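Trainee: Could you take me through one part of this structure closely, namely the largest pocket and whatever surrounds it? I'd like the cut-offs spelled out as you go.

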Amino acid sequence: MRPDSAAAVVDDLFARCADRGVSLALVASQGGEVVLERYGVQPASDFAPETPVTATSTLLSWSMAKSMTHAALGVLVADGAIDLDAPAAVPEWAGDERSAITPMQLLEMRSGLRFVEDYLDDQTSHSIEMLFGGTDPSFAHYAASQPLEHRPGEVFNYSSGTTNIVSRVIGDIVVRDAAGSLDVDVEQRRKLIEEFLHTRLFEPAGMSSATPKFDDAGDFVGSSYVYATARDFARFGELYLRDGVGPHGQRVLPAGWAAHAATWSGHDPDTGLSYGRHWWLWPAFPGVLACHGYEGQFIAVFPDRDLVLVHLGKTPAAYNTSLQMWLARIAELL
């Protein structure tokens, strides 16, 4: 291990020109211990002044939450509560060809549903309309109402809408199990799902700061919204590094769930990266699996180095690949 050399690379990363990105937090955990940690400054905005980021600051996951949705589904798989290869229980699809879509196809982003994932052009983006447009209080209903463009299982299309459908499927199982039916009000639905996430996933993983956010229908926005400290995001990565075993030795996810996440299901021509099942794969670094979030949020798991590396900040998409190379270099030095 060369922590001094790695620390020098981190210094350079945090000192890069602001137009290439701002780093707010970096945590490296190796062998279950934090070996490198650095925090930056949240730039001033129209809503808040410049603010130092610390070890207790909770920051937004963006799409890293998708991998947490994979974990939440894994809990239900371990309970025997869902069959990933049976048709998904989605009421919008009853009686039409979409009813053949399975949870596995949703996890692999191969539903066949129309969905444009774009955060720059609000004229063509389903993700912007779903998350910010106020069109539908239920993000899952908005996504599930989209038509088929391809036969289910055949075409990879990365989609936040897909994850929110999975999230509602999870919520329906949790609510029905806890309340005996789905006939509950929005606030009760939210509370039951939040309790499940905390007691079955976040707390057993050691993520005491994790705070999920919900849509107006009471469902976890599994595509985009978990707030947590950088250390707690690292603890989530460690859960997959240890194949679903938490910090106190208890099994949180079913055995083999990390390998399930790392099973290739698609290729993104825009980034050159591969996709597993709600986790990204880095072809240049075999064995690595990673959570990705908008503007350069990363949890990268390096099994061969017993290492989890977390980066949080605001990096333009044009410099995302460069940021990944920074992180890979840091990992090589640890």
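Mentor: Let's start with the space itself: the largest pocket holds about 950 Å³. A pocket here is worked out on a 1 Å grid over the protein atoms alone, as an open set of points with protein on both sides within 12 Å along at least five of seven lines, and a lining residue has an atom within 4 Å of a point. Its volume is the space filled by probe spheres set on the points, with grid points joined across faces, edges and corners. Bear in mind that this is a predicted model, where local features need pLDDT of at least 70 and side-chain atom pairs count only at pLDDT 80 or more, while totals for chains, interfaces and linings use all residues. Residues are numbered from 1 along each chain as its sequence is written, and side-chain values use heavy atoms, with hydrogens and water left out.

So who's around the pocket? The lining has 30 residues, and E117, Y119, Y158, D268 and T271 are the ones nearest the centre. Sorted by class, the lining comes out as twelve nonpolar, twelve polar and six charged residues. For that sorting, Ala, Val, Leu, Ile, Met, Phe, Trp, Tyr, Cys and Pro are nonpolar, Asp, Glu, Lys and Arg are charged, and the others, Gly among them, are polar. At least two lining residues come from each of β8, β11, β12 and α10, and α10 gives the most, with three. Those labels are DSSP runs numbered from the N terminus: helices are H or I with at least four residues, strands are E with at least two.

Three of those elements are strands you can find in one sheet. Eight strands make up this open, antiparallel sheet, in the order β2-β1-β13-β12-β11-β10-β9-β8. Its edges are β2 (33-39) and β8 (266-268), each pairing on one side only. Two strands count as paired if DSSP finds at least two bridges between them. At the β8 edge, three bridges tie β8 to β9 (residues 273-275) in antiparallel fashion, with G266 opposite Y275 in β9. At the other edge, six bridges join β1 to β2, again antiparallel, and L26 has R38 in β2 as its bridge partner. β1 and β2 form a hairpin with two residues between them, and G31 in that turn has a positive phi of about 60 degrees.

Now for the helices on this sheet. α10 (residues 320-332) lies across β1 (22-30), β2, β9, β11, β12 and β13, at about 145 degrees to β13. Contact means heavy atoms within 4.5 Å, and the angles, from 0 to 180 degrees, are between N-to-C directions of lines fitted to C-alpha atoms, for helices over the stretch in contact. α10 is also the element that gives the most to the pocket lining. As for the second helix, α2 touches β11 (289-293), β12 (297-302) and β13 (307-314), and its direction makes about 125 degrees with that of β11.

Follow α2 (64-78) and you reach an enclosed space too: α2, α6 (160-179) and α7 (186-202) each supply at least two residues to the lining of the largest cavity. A cavity is a set of points where a 1.4 Å probe fits but cannot get out. This one has about 50 Å³ of space, and its lining is T69, A72, S167, I170, G171, I193, L197 and F220. The biggest share is from α6, with three residues. By class that lining is five nonpolar, three polar and no charged residues. Counting cavities of 30 Å³ or more gives five.

Back in the sheet, β13 takes you to the second largest pocket, with a volume of about 310 Å³. Its lining has 16 residues, and L60, W62, E295, G313 and K314 lie nearest its centre. β5 (59-60), α4 (126-132) and β13 are the elements that give two or more residues to this lining, and β13 gives the most, with three. The classes here are ten nonpolar, four polar and two charged.

β5 also belongs to another open sheet, three antiparallel strands in the order β5-β7-β6. β5 and β6 (211-212) are at its edges with a single partner strand each, so one side of each has no neighbour in the sheet.
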